[in-house]
Amino acid sequence: MTEGQKTMTLLSMSVSPLGIWWKYRLDGEDPWLQVRMALRMKDGSEMEAAPGQLTMGDMGSGCTAAVSFEKPVDLSQAAAVLWGDAEIPLGQPEP
């Protein structure tokens, strides 16, 4: 994902019913760049993360960030994570 002269590279991500945690590397001046996070549900609706994003880390090893949902989400109904302008499909575990 790019914004102006900044490039954000996603290193890893974890999605839970309570929120999303991710690790990223940022090449640019602002080490605390905010990004939109949401879930696209199978019915096409979107579940936005609650306002406020916790970001921590350092530029050398990468930064981590987390957002929470206002209430727990049924992940069996989630189709993808919306990370900025990117859509990341969620694979569902086999029964």
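A residue counts as buried when its relative accessible area is under 20%. The legends below describe a predicted model.

**Figure 1. Overview of the protein chain, an all-strand arrangement with 0 helices and 9 strands.** Read along the sequence, the elements follow the pattern β-β-β-β-β-β-β-β-β. Of the 95 residues, 29% count as buried. The accessible surface of the chain comes to about 5700 Å², and carbon and sulfur atoms account for 54% of that surface. Among the contacts with a separation of 6 or more, 53% join residues 24 or more positions apart.

**Figure 2. Confidence of the prediction along the protein chain.** The average pLDDT of the chain is 79, and 72% of the residues score at least 70. Of the elements, strand S1 (residues 2-3) has the lowest mean pLDDT, 48. Strand S8 has the highest mean, 92.

**Figure 3. The open sheet of 4 strands, in the order S5-S4-S8-S9.** The pairing within this sheet is antiparallel. Strand S5 (46-48) and strand S9 (86-89) each have a single partner strand, so one side of each is left without a neighbour in the sheet. From one strand to the next, the twist averages 25°. Strands of a sheet pair through backbone hydrogen bonds, either parallel or antiparallel.

**Figure 4. Strand S4 and its two partners in the open sheet.** Strand S4 spans residues 37-41 and is mostly covered, with 4 of its 5 residues buried. On one side, 3 bridges join S4 to S5, and these two strands run antiparallel. S4 also pairs with S8 in the antiparallel sense, over 5 bridges. Leu 39 can serve as a reference point for both pairings: Leu 39 stands opposite Met 47 in S5, and its bridge partner in S8 is Val 81. In the hairpin of S4 and S5, 4 residues lie between the strands. Gly 44 in this hairpin takes a positive phi near 95°.

**Figure 5. The largest nonpolar core, a set of 18 residues.** The residues with the most contacts inside this core are Ile 20, Trp 22, Tyr 24, Met 37, Leu 39 and Trp 83. Four elements give two or more residues to the core, namely strand S3 (19-27), S4, strand S7 (62-68) and strand S8 (78-83). The largest share, 4 residues, comes from S3. Leu 39, one of the residues with the most contacts in the core, is also the residue that stands opposite Met 47 in the pairing of S4 with S5.

**Figure 6. The antiparallel pairing of S3 and S7.** These two strands are joined by 6 bridges. Within the pairing, Lys 23 stands opposite Thr 64 in S7. Because 5 of the 7 residues of S7 are buried, this strand is largely enclosed by the rest of the structure. Both S3 and S7 are among the elements that give two or more residues to the largest nonpolar core.

**Figure 7. Surroundings of Leu 11 in strand S2 (residues 6-16).** Is Leu 11 buried or partly exposed? With a relative accessible area of 41%, Leu 11 is partly exposed, since a residue is called buried under 20% and exposed over 50%. Leaving aside its neighbours within four places in sequence, Leu 11 is in contact with Lys 23, Tyr 24 and Arg 25. Of these contact partners, Tyr 24 is also listed among the residues with the most contacts inside the largest nonpolar core. Leu 11 and Thr 64 are 53 residues apart along the chain, and their C-alpha atoms are separated by 9.5 Å.

**Figure 8. Surroundings of Gln 77 in the loop between S7 and S8.** Gln 77 has a relative accessibility of 40% and counts as partly exposed. Which residues does Gln 77 touch, not counting residues up to four places away in sequence? Gln 77 touches Met 41 and Lys 42. Gln 77 and Lys 42 are 35 residues apart along the chain, while their C-alpha atoms are separated by 5.6 Å.

Methods: Residues numbered from 1 in each chain as written. Predicted model: local features only at pLDDT ≥ 70, side-chain atom pairs only at ≥ 80, totals over all residues. Heavy atoms only, no water. Pairing = 2+ DSSP bridges. Axes fitted to C-alpha atoms, helices over the stretch in contact; angles between N-to-C directions. Core = buried A, V, L, I, M, F, W, Y, C linked by side-chain atoms within 4.5 Å. Buried < 20%, exposed > 50% of the residue type's maximum accessible area, 1.4 Å probe, protein only. Contact = heavy atoms within 4.5 Å. Areas by Shrake-Rupley, 256 points an atom, 1.4 Å probe, with all protein chains shown as cover. pLDDT = per-residue confidence, 0-100.
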